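Trainee: I would like a close look at a single part of this model, and then one connected account that sets that part in its context.

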Amino acid sequence: MTDTRHIRSENNLHIDSSEPVVPVSVIKVKKPLPLSVWGFISIGTLLLLWWGVTYLGFIDPLFLPSPWAVLKKFGQVAVSGYLDATLWQHLWASLQRIGIGLIAALLTAIPLGIAIGRYRVVQGLFDPLIEFYRPIPPLAYLPLIVIWCGIGELSKILLIYLAIFAPIVIATANGVRSVDPAKIRAAQSLGATTHQLTRYVIIPAALPDILTGIRIGLGVGWSTLVAAELIAATRGLGFMVQSAAQFLVTDVVIMGILVIAIVACIMEMGLRYIQRKWVPWHGRYN
Amino acid sequence: MTQLILEHVAARYPESPQPVLQDISFNLGSGEFCVAVGPSGSGKTTLLNLIAGFTMPSGGTIHLDDKPVTGPSAERGVVFQDDVLLPWQNVLENVAFGLKLAGVPRRQRDARAQELLSLVDLAGFEHRHVWQLSGGQKQRVGIARALAAKPRVLLLDEPFGALDAFTREQMQELLLQVWRQTDTPVFLITHDIEEAIFLATELVLLSPNPGRIIERLTLDFSRRYAAGESARALKSDRRFIETREHILARIFAARDAERRGNGASSDRLTRQ
């Protein structure tokens with residue numbers, strides 16, 4: 001066995017002239033298509049299918065209006081409005097709610113997260129509470145909020161606030177806990193006080209995690225918004241979609257869903273941009 | 001005159017019966033360069049952490065200028081094994097960080113940081129990001145940062161261990177130049193015996209289980225380097241090589257003695 005192998009390998013050393021010899025420079029490395037191209041292909045196919053089934057009349061427009069009808073509706077609602085408010089007024093109402101909810105969550109969740117990450121006592125006190133309420137779907141405690149706070153703006157904002165709060169607290173506390181102890185020692189040996197340590201070392205070091213928490217929180221908050229606006233709202237994207245559905249105005253429903261998706265997408269991209277801008281060291285330096 | 005005095009310092013981990021360090025006493029004064037060298041497990045890093053104030057001794061006392069060490073302070077600048085620069089600050093801000101913490105106005109601290117960057121040969125790197133630096137450059141920023149706040153003593157925890165051999169030699173020479181120019185007493189730990197002999201004016205040889213001083217040497221290679229002799233000539237000097245072999249022999253002798261001790265009481269081995 002070993003002998004034949006030996007002979008074979010020796011034969012291989014001589015290049016057989018009958019085989020085509022490929023010079024290295026000719027070998028082409030296939031460049032993979034960028035992911036965005038595949039994204040355009042899948043979205044384009046979906047749009048084409050949508051257009052196809054509506055154009056050929058496979059589906060009643062009552063259930064699935066054509067892309068063109070939805071686009072027309074978009075222009076119409078943007079200019080003259082739907083249910084006493086233009087699209088922009090609905091959008092603004094929603095953005096206001098999530099904006100206030102987010103600011104309130106940032107102002108409370110980040111300091112609490114830092115305290116949980118820094119002090120065992122605070123961690124002991126708050127961890128069980130947060131772990132208890134975090135997995136509950138916001139819709140499950142919505143009725144309780146309505147009983148306590150009524151059906152006004154407060155209930156909606158409170159619901160969004162609670163949805164955003166948990167991910168930010170948890171991410172902040174994790175970020176603070178995982179700060180490299182050597183960095184803390186380095187700052188201490190340079191004379192940092194506890195306050196300076198928090199401000200100049202711990203918060204910047206936890207910033208990548210905090211921003212990730214905000215991204216997750218905003219995602220959860222935005223999807224909770226539609227639910228929050230089911231509570232007797234008169235404006236808001238969630239309200240618009242919900243009431244349009246009750247009257248089977250499917251084009252407004254689809255248009256509203258698309259707007260909600262686009263806004264979520266913009267928020268996500270914006271936060272990713274902030275992450276790249278504010279924490280350029282992330283992944284490049286521990 | 002700076003005086004760092006350790007008297008009968010001991011350290012132990014809470015769970016372990018055997019001390020990590022036992023009866024460590026030495027002095028470090030102005031113009032001196034003390035190197036603690038020893039194999040791993042001899043408590044080098046523990047010793048440095050005690051002097052830095054990151055941990056407290058279980059016995060004995062550490063005084064700097066007649067004040068007991070009670071915790072980390074800007075009086076004792078530390079350079080770490082892995083550079084622990086702050087990536088959200090550029091090179092200049094990292095060097096000026098200690099001064100910022102002390103409340104020194106921006107213009108003054110930037111001027112001082114510039115000065116130190118020139119001292120460690122990094123003039124022109126002020127606005128670089130730390131992740132754009134090489135390993136040696138990062139360590140030089142670390143040295144400049146530790147020195148910026150004018151510490152009474154400079155502590156270095158195996159600062160060149162992660163660097164390649166060539167960079168390491170350059171860094172040793174740079175450190176000696178910095179030492180000579182600032183006159184700050186230096187305490188450095190390393191497991192590299194040649195590095196220890198080249199740098200030290202006072203060499204403390206540590207042995208493990210428990211970490212203790214088994215020999216002290218007063219050397220003059222770093223002073224001769226400072227006086228103008230070349231590093232290569234010094235490192236191939238006959239006395240340098242003799243010192244190295246002497247230290248190696250002491251370490252191996254201590255290890256053999258310990259092995260024999262362990263062999264005699266084999267139940268100690270099985271318990272471990």
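How many helices and how many strands does the secondary structure of chain A come to?

Mentor: Bearing in mind throughout that this is a predicted model, the secondary structure of chain A comes to 11 helices and zero strands, and the pattern read along its sequence is accordingly α-α-α-α-α-α-α-α-α-α-α. Chain A has 286 residues, of which 33% are buried. If one takes the contacts in chain A between residues at least 6 apart in sequence, 71% of them join residues at least 24 apart.

From there we can turn to the side of chain A that touches chain B, where 16 residues of chain A are in contact with 21 residues of chain B. Two helices of chain A, H8 (181-189) and H9 (194-228), each supply at least two residues of that side, and H8(A) gives the most, with six residues. By class, the residues on this side of chain A divide into eight nonpolar, four polar and four charged.

Chain B, on the other side of that contact, does contain strands, and an open sheet of four of them runs in the order E2-E1-E4-E5 with antiparallel pairing. Its edge strands are E2 (21-29) and E5 (67-68) of chain B, each of which pairs on one side only. Strand E1 of chain B, residues 3-11, pairs with E2(B) in the antiparallel sense over six bridges, and within this pairing B:Ala11 has B:Leu21 in E2(B) as its bridge partner.

As for the wider layout of chain B, the chain is divided into domain 1, which is made up of 3-75 + 152-271, and domain 2, which covers 86-150. The centres of these two domains of chain B, taken over C-alpha atoms, are separated by 27 Å, while 15 residues of domain 1 are in contact with 13 residues of domain 2. On the domain 1 side of that contact within chain B, helix H5 (residues 165-182) gives the most, with eight residues. That side of domain 1 has 10 nonpolar and five polar residues but no charged residues, whereas the side of chain A that touches chain B includes four charged ones.

Definitions and conventions: Residues numbered from 1 in each chain as written. Chains lettered and ligands numbered in written order. Predicted model: local features only at pLDDT ≥ 70, side-chain atom pairs only at ≥ 80, totals over all residues. Pairing = 2+ DSSP bridges. Helix = DSSP H or I, 4+ residues; strand = E, 2+ residues; numbered from the N terminus. Contact = placed C-beta atoms within 7 Å. Nonpolar A, V, L, I, M, F, W, Y, C, P; charged D, E, K, R; others polar. Buried ≥ 20, exposed ≤ 12 C-beta atoms within 10 Å, placed from the backbone. Domains from an automatic or database assignment.
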